[in-house]
Amino acid sequence: MLFRYYQTSEKQTIYSAPFCSLATVVYFGLIVAMLLLPFVFGYASSPFWLKENSYREQPLVVFVNSALVLLEGIKSTTGQPFYAQYGTDPLYQMYLGSLNRVGAVKMTQIDNNADGKPEYLEFNCTMPVFTDEQVLHVRVLFGIQIQLADRVRLMSQGLIWLDHSSPLPGGSLYADGDVVINQRNIMTDKADYIVIEPVLDFSAVKGMHPEALQWTNIMSTYMARNVITEFNSPPPIWSAFRDPGSPFSIYIRVRVPETRVVYRPSVLEVLKNGWIQYLSLLVLVCIILLPIYDLALRSNVVKTVVQSVPRYGRDLKTPIRY
């Protein structure tokens with residue numbers, strides 16, 4: 001025997017029905033619907049099980065002592081092209097031979113709020129240029145180390161790459177932009193990702209494989225990594241004036257904003273997210289189905305036995321006897 005109560009201030013109404021009846025079928029169908037419909041709505045509206053999640057974190061970005069600078073142009077006296085290149089590694093400078101120009105590189109890390117994470121990096125480089133050499137093309141490449149320590153623990157190296165050319169001879173180049181971290185694959189929550197291979201491996205000169213330090217090979221090898229960095233900036237400012245005999249100067253400011261990190265959540269996070277969705281949809285389903293079920297009982301849509309009894313199980317006019 002199943003019962004359903006409706007209580008007022010003075011009496012309560014009881015709807016009862018035998019176990020083998022249409023009312024019992026409707027009652028159990030209501031329970032099944034309330035339990036299953038949240039799953040159906042959850043799967044239909046959005047992914048019920050969380051497959052990936054993301055958060056924002058400011059990475060720790062610092063310089064590594066590796067840089068390559070290339071200047072290209074023409075000689076005003078002969079009209080012949082000239083090339084000047086500089087690398088921070090002494091052995092690489094010896095490998096360049098006559099193409100090597102010893103430049104002055106200064107790298108500065110600025111931490112305004114003293115939280116241990118620089119807000120921006122400054123790269124200054126001056127390259128000696130002869131009086132008859134007119135610079136038309138500049139290519140700069142230097143390495144940075146990035147570190148994440150929140151949900152995903154990552155330590156790797158990245159590249160800041162800047163390539164600019166102009167039809168007018170220039171004397172300086174200025175660029176200001178953000179470093180952006182890009183992921184090719186999703187990383188796992190609470191996992192360690194440590195990449196020890198340098199982005200600029202000057203040891204290739206020692207191993208008699210200098211072709212690894214060609215610009216195309218550097219970019220090809222770097223782009224094969226899972227986590228890479230990009231330099232996102234407006235068009236650089238090219239200064240077309242240079243005093244005779246003065247060096248070519250390059251200034252790059254790299255800002256370090258918060259980055260979006262995508263990761264694969266743990267099992268507990270997946271269950272927590274699914275449980276929250278299920279409860280919210282269960283409340284909505286109960287708000288809709290329970291009034292419909294009550295209306296079906298009161299309107300005699302299903303056959304039940306109706307009894308009205310005093311609220312306290314006695315006649316309200318009868319006094320209590322002790």
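A residue is called buried when its relative accessible area is under 20%, exposed when over 50%, and partly exposed in between (1.4 Å probe, protein chains only). The model is predicted, so to speak of local features a pLDDT of at least 70 is needed, side-chain atom pairs count only at pLDDT 80 or more, and totals for chains, interfaces and linings use all residues. Residues are numbered from 1 along each chain as its sequence is written, and side-chain values use heavy atoms, with hydrogens and water left out.

**Exercise 1. Get an overview of the chain.**

Task: find how many helices and strands the chain has, and what share of its residues is buried.

Step 1. Helices (H or I, at least four residues) and strands (E, at least two) are DSSP runs, numbered from the N terminus. The chain has five helices and 17 strands.

Step 2. Of its 322 residues, 40% count as buried.

Step 3. Contact means heavy atoms within 4.5 Å. Among contacts with a separation of 6 or more, 75% are between residues 24 or more positions apart.

**Exercise 2. Follow helix α1.**

Task: describe the span of α1, its kink and its buried residues.

Step 1. Helix α1 covers residues 22–45, 24 residues in total, and reaches 33 Å from first C-alpha to last. The expected span is 1.5 Å times one less than the number of residues, and the 33 Å is close to the 34 Å expected for α1.

Step 2. Look for the bend, taken as the angle between axes fitted to the seven residues ending at a residue and the seven starting there. A kink of about 35° lies at Leu36, shortly before Pro38.

Step 3. Now pick out the buried residues of α1: Ala23, Thr24, Leu30, Met34, Pro38 and Gly42. It helps to recall that an α-helix has 3.6 residues a turn, so residues three or four places apart point the same way.

**Exercise 3. Pack α1 against α5.**

Task: give the distance and angle between the axes of α1 and α5.

Step 1. Axes are lines fitted to C-alpha atoms, for helices over the stretch in contact, with angles from 0 to 180 degrees between N-to-C directions.

Step 2. The axes of α1 and α5 (residues 267–298) come within 9 Å and cross at roughly 145°.

Step 3. Residues making this contact include Leu30, Met34, Pro38 and Gly42 of α1, and Leu281, Val285 and Leu289 of α5.

**Exercise 4. Place strand β8 among its partners.**

Task: find which strands pair with β8, and in what sense.

Step 1. Two strands pair if DSSP finds at least two bridges between them. Strand β4 (residues 60–75) is antiparallel to β8, with 13 bridges; one of the bridge pairs is Lys75 with Glu133.

Step 2. Strand β9 (residues 153–170) also runs antiparallel to β8, joined by 14 bridges. Here Gln147 stands opposite Met155, and three residues lie between the two strands of this hairpin.

Step 3. Strand β8 (residues 133–149) has 12 of its 17 residues buried, so it is largely enclosed by the rest of the structure.

**Exercise 5. Compare two residues of β9.**

Task: are His164 and Ser156 buried or exposed, and what do they touch?

Step 1. His164 lies in β9 and counts as buried at 17% relative accessibility. Beyond neighbours within four places in sequence, its contacts include Leu136, Val138 and Trp238. The C-alpha atoms of His164 and Leu136 are separated by 8.5 Å, although 28 residues apart along the chain.

Step 2. Ser156 also lies in β9 and is buried, with a relative accessible area of 3%. Leaving aside neighbours within four places, its contacts include Ile144, Val195 and Arg225.
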